[in-house]
Amino acid sequence: MLEESPQDPHTAETDADVIVVGHGPTGAVLSILLAQSGWRVIALERRKQPYLLPRATSFDGETAILLAATGIAGELDQITEAATGYQCRTASGEPLVDIEFALDGPYGWPDANTMHQPDLESLLAARAAALPGVTLLRGRRVAGISDREKDVVVRVDSDAGVAESFSARWVVGCDGANSFVREHLGTSVTDLGFSYEWLLCDVELRDSRVFVPTNVQICDPARPTTLVGSGPGHRRFEFMRLPGERAAELNREETAWRLLAPHAVTPETANLLRSTTYLFHARWAEQWRVGHVLLAGDAAHLMPPFAGQGMCSGIRDVVSLSWRLDLLLRGLTADHLLDGYTEERRTQVRASILSSVQLGRMICVTDPQAASARDVTVLAGRRGRGPARPEPARPLVCGLLTRGPSGTGIEPPTGEVVPQGRVLGPSGTGLFDDIVGRGFVLLFAPGAAVRLDGEQRSFLTRLGAHVVQLEPGDRASSRDASAPGPLAAGGARDGDGVAVTDVDGVYRRYLARYGVDVLLVRPDYHVFGAGTGVGAAAALVDDLRSRLGAAVPAGSSGRPA
Ligand SMILES: Cc1cc2nc3c(=O)[nH]c(=O)nc-3n(C[C@H](O)[C@H](O)[C@H](O)COP(=O)(O)OP(=O)(O)OC[C@H]3O[C@@H](n4cnc5c(N)ncnc54)[C@H](O)[C@@H]3O)c2cc1C
């Protein structure tokens with residue numbers, strides 16, 4: 001256990017608390033989250049202007065909650081369109097994979113949200129610009145890093161040939177696939193060698209058409225093809241380069257129009273925003289932290305696009321990193337917390353890469369015999385089955401999580417992403433995050449005993465945690481007025497907690513599924529641990545405290561002024 005004295009959170013001797021290298025989606029989300037917590041961020045971006053060409057076309061419901069945490073929830077609706085489903089079809093149109101998406105997914109957002117990536121990036125850029133804590137310097141290419149233990153100095157070459165340097169406590173490389181920061185760290189990279197080249201065509205349709213389902217993968221060995229929504233009015237078509245075909249031939253605009261024509265996309269019906277070939281990879285860096293320098297996003301991992309998880313994974317990386325850096329900068333924990341970052345994120349991302357590769361192996365088949373064998377096997381396995389629901393968000397299987405009674409195992413719901421439902425609280429009815437807030441959450445089932453001693457309560461206060469007692473959906477009939485607990489009914493606060501009504505019973509069902517009555521949830525929505533009975537909450541809080549090695553000084557949250 002660390003000494004219970006705060007580090008000085010005010011780091012005026014450095015130019016910034018954190019330098020974020022790269023202002024793509026990963027870097028932008030990190031800059032915003034840190035600035036929202038009051039930290040000074042310098043974001044260094046080599047491009048003078050925002051990148052206007054799309055790559056990602058969709059994000060899942062879990063990523064929607066994370067994006068909402070950056071303060072752009074209100075605008076997301078305008079740039080996204082919910083996808084209805086995802087099918088991989090044989091050349092003759094039979095579904096090999098058939099997933100139906102819900103508009104009201106388990107995280108309070110649609111299961112799958114299509115978008116035009118530049119629109120998302122411009123929302124994030126506007127949000128970052130509105131935060132005084134973010135200084136975005138464009139036209140600055142990071143060319144040197146020197147970790148001096150007390151601070152890190154970053155050397156930058158500007159387009160004008162001027163060299164500058166900036167210092168910070170931490171540096172995070174969000175500088176994409178060809179990351180300078182990753183090269184600088186010298187970390188080894190595991191490459192699965194699964195790589196194919198595809199032609200991407202992004203079009204803006206002049207007519208309004210409905211595509212059912214929204215996203216389709218045509219597994220035709222004559223030309224594996226992807227057709228996906230990419231936000232209002234936009235659609236992406238991708239065509240795999242065939243063996244013996246030259247990339248230069250694919251990269252001609254006439255080729256794009258020739259391949260688009262069978263899909264009723266012609267110069268008369270659409271604008272071709274761009275067409276270009278893209279070689280995808282499946283690889284990850286082994287070490288995401290060396291000293292005070294870290295990696296996130298494409299700088300740390302690349303995956304085939306078939307599961308739409310590249311950008312989502314980068315956003316998960318930086319959400320996971322932002323609360324860790326916040327605790328560290330506040331002096332509430334020590335650097336070891338960041339070792340858990342590598343382990344947790346690399347393990348989860350590796351699993352996403354492997355499942356994207358598995359999907360890719362099914363899709364990128366150009367040998368007619370192999371395709372026919374695949375169709376027979378997969379269709380036999382699917383016989384009689386209708387569309388499936390998407391898998392829940394990928395759980396964490398290691399890292400900063402409580403362990404089961406044996407001390408080693410991680411048992412669900414620990415590691416899972418907690419669903420998000422609507423609650424009725426002091427300010428009205430809305431999604432949990434909007435009514436209660438974000439951060440650590442200690443959530444009690446209706447009627448569960450909230451027994452925490454002063455030290456545990458003080459620790460939660462330092463963390464900025466929310467202590468939440470649920471009331472049943474049908475409050476009048478099912479609330480046990482004599483149930484123990486410090487929280488007044490109807491959302492009144494007792495100083496460190498709030499009572500909310502579980503309007504649709506989302507939390508009640510989730511807790512009942514695991515037979516638990518308390519959950520401790522991390523700021524990235526992963527369940528730290530769950531339990532039942534008197535003493536469960538106290539045990540979880542104590543465990544979190546000891547895993548953080550927590551120096552939780554009395555009387556100060558360590559937050560920057
Ligand atoms: C065809 C395709 C389809 C995809 N579809 C999806 C999808 O549907 N869903 C999904 O989640 N993901 C998808 N992805 C993946 C997604 O696009 C990427 O994972 C995501 O854009 C990566 O974001 P990033 O911020 O980590 O990196 P980038 O967007 O590459 O940003 C890195 C930034 O760092 C800057 N930079 C680089 N070097 C330096 C330096 N030395 N100094 C300063 N700045 C520097 C760059 O200019 C850039 O702005 C897809 C990718 C492709 C190619």
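Start at the ligand and select Pro25: one of its backbone N or O atoms sits 3.3 Å from a ligand oxygen atom. That counts as a polar contact (a pair of N or O atoms within 3.5 Å; within protein, one must be able to donate a hydrogen and the other to accept it, and residues adjacent in sequence count only if both atoms are side-chain atoms). Before you go on, note that this is a predicted model, in which local features need pLDDT of at least 70 and side-chain atom pairs count only at pLDDT 80 or more, while totals for chains, interfaces and linings use all residues. Residues are numbered from 1 along each chain as its sequence is written, and side-chain values use heavy atoms, with hydrogens and water left out.

**Stop 1: around the ligand**

Next, pick Asp298, where a polar side-chain atom lies 2.6 Å from a ligand oxygen atom. Then click Gly308, which places a backbone N or O atom 3.2 Å from an oxygen atom of the ligand. Taken as a whole, the protein covers 93% of the 1000 Å² of accessible area that the ligand has on its own (areas by the Shrake-Rupley method with a 1.4 Å probe; for residues, only the protein chains shown count as cover).

Now display the full shell: 32 residues surround the ligand, and the closest are Thr26, Glu45, Arg55, Ser58 and Asp298. A residue belongs here if one of its heavy atoms lies within 4 Å of the ligand. Colour the shell by type and you get 12 nonpolar, 11 polar and nine charged residues. In that scheme, Ala, Val, Leu, Ile, Met, Phe, Trp, Tyr, Cys and Pro are nonpolar, Asp, Glu, Lys and Arg are charged, and the others, Gly among them, are polar.

Which helices and strands each supply at least two residues of this shell? They are helix H1 (25–36), strand E2 (41–45), strand E9 (140–147) and helix H7. Helices (H or I, at least four residues) and strands (E, at least two) are DSSP runs, numbered from the N terminus.

**Stop 2: the nonpolar cores**

Keep helix H7 (residues 310–329) selected, since you will need this helix again: H7 gives 11 residues to the largest nonpolar core, the most of any contributor. That core has 142 residues, and those with the most contacts inside it are Ile19 and Leu442. A nonpolar core here is a set of buried Ala, Val, Leu, Ile, Met, Phe, Trp, Tyr and Cys residues joined through side-chain atoms within 4.5 Å. Buried means under 20% relative accessible area, exposed over 50%, and partly exposed in between (1.4 Å probe, protein chains only).

Centre on Leu442 and show its contacts (heavy atoms within 4.5 Å). Leaving aside residues up to four places away in sequence, the partners include Leu452, Leu460, Val518 and Val541. A second, separate core has 15 residues, including Val203, Leu205, Leu259 and Leu272.

**Stop 3: two buried acidic residues**

Go to Asp111, in the loop between strand E6 (95–100) and strand E7 (112–115). Is Asp111 buried or exposed? Its relative accessibility is 10%, so Asp111 counts as buried. The Asp111 side chain makes a polar contact with the side chain of Arg389 at 2.5 Å and reaches the backbone nitrogen of Ala102 at 2.6 Å.

Then select Glu471 in strand E25 (residues 466–471). With a relative accessible area of 2%, Glu471 is buried. Its side chain has a polar contact of 3.4 Å with the side chain of Thr501.

**Stop 4: backbone details**

Turn on the backbone and look at Pro213, in the loop between strand E13 (197–205) and strand E14 (215–219). The peptide bond leading from Val212 to Pro213 is cis, with omega near -10°. Another cis bond runs from Pro412 to Pro413, with omega near 10°; Pro413 is in the loop between helix H9 (368–382) and strand E22 (422–425).

Finish with two positive phi values. Ala264, a residue other than glycine, has phi near 60° and lies in the loop between helix H6 (253–260) and strand E17 (270–279). Ala264 is partly exposed, at 42% relative accessible area. Tyr525 is not a glycine either, and its phi is about 75°. Look for Tyr525 in the loop between strand E27 (518–521) and strand E28 (527–531), where this residue is buried at 9% relative accessible area.
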